[in-house]
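Colleague: Please take one part of this model and go through it closely, in plain terms. I would like to know what it pairs with, which way its side chains face and what lies around it.

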Amino acid sequence: VQLQASGGGLVQAGGSLELSCAASVMFASLDSMGWYRQAPGKERELVASITAGGTTSYAESVKGRFTVSNNFVKRTTLLQMGSLRPEDTAVYYCNFYGNTWYGATPRDYWGQGTQVTVSS
């Protein structure tokens, strides 16, 4: 299973970016999709997530600026980031939680990471 993330890049503070992530295979059960980020010298943190039922969750630092969405049929998730700040600079990883065949124990699947750099 591969998760392909794209859309990162360099943007000025106040600008916008959209990240996307797509899975290479169908999932038998997909409980949630989400985005994490890791800045240099810091631990990986949850940025946003969305469940199969559409319930979203955001880190306090991004509420009102970022929006996560999904298409479970197409097995893709998007992270729309607005009003970007230098402190948003990090490698962003997409995450799917589920299983690829019925009966399997759900687990985390990770994308390869995409760099987002916000200049001041």
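Modeller: Strand 7 and strand 8 run antiparallel and are joined by six bridges; strands here are DSSP runs of E of at least two residues, numbered from the N terminus, and two of them pair if DSSP finds at least two bridges between them. This is a predicted model, where local features need pLDDT of at least 70 and side-chain atom pairs pLDDT 80 or more, while totals for chains, interfaces and linings use all residues. Residues are numbered from 1 along each chain as its sequence is written, and side-chain values use heavy atoms, without hydrogens and water.

The part to follow is strand 8. Between strand 7 and strand 8 the hairpin has four residues, and in this hairpin Arg75 takes a positive phi near 50°. One of the pairs across the two strands is Ser69 with Leu78 of strand 8.

Strand 3 also pairs with strand 8: the two run antiparallel, with six bridges between them. Here Ser20 has Leu78 of strand 8 as its bridge partner, and Leu17 has Met81. Leu78 therefore appears twice, as the bridge partner of Ser20 and as the residue opposite Ser69.

Strand 8 is thus one member of an open sheet of four strands, in the order 1-3-8-7 with antiparallel pairing. Strand 1 and strand 7 stand at the edges of this sheet; each has a single partner strand, so one side of each has no neighbour in the sheet.

Next come the two faces of strand 8. Its side chains alternate: Thr77, Leu79 and Met81 point to one face and are buried, whereas Thr76, Leu78 and Gln80 point to the other face and are not buried. Buried means under 20% relative accessible area, exposed over 50%, and partly exposed in between (1.4 Å probe, protein chains only).

Leu79 and Met81 also belong to the largest nonpolar core, which has 29 residues. Such a core is a set of buried Ala, Val, Leu, Ile, Met, Phe, Trp, Tyr and Cys residues joined through side-chain atoms within 4.5 Å. Along with Trp35, Val47, Phe66, Tyr92 and Phe96, Leu79 and Met81 touch the most other members. Among the elements that give two or more residues to this core are strand 3 (17-23), strand 7 (66-71) and strand 8, as well as strand 4, strand 5 (45-51) and strand 9. In soluble globular proteins, nonpolar side chains tend to be buried together.

What follows strand 8 in the chain is tied to strand 4 by charge. Arg37 forms a salt bridge with Asp88, their closest N and O atoms being 3.0 Å apart; a salt bridge is a side-chain nitrogen of Lys or Arg within 4 Å of a carboxyl oxygen of Asp or Glu. Asp88 lies in the loop between strand 8 (76-81) and strand 9 (90-99) and Arg37 in strand 4 (29-38), so the pair ties together parts 51 residues apart in sequence. Both partners are buried, Asp88 with a relative accessible area of 1% and Arg37 with 6%.

Arg37 forms a salt bridge with Glu45 as well, at 2.7 Å from N to O. Glu45, at 34% relative accessibility, counts as partly exposed. Together with Arg65, the residues Arg37, Glu45 and Asp88 are linked in a network of salt bridges. The structure holds four salt bridges, and one of them joins Lys63 to Glu60 at 2.7 Å from N to O. In that pair, Lys63 is partly exposed, with a relative accessible area of 44%, and Glu60 is exposed at 63%.
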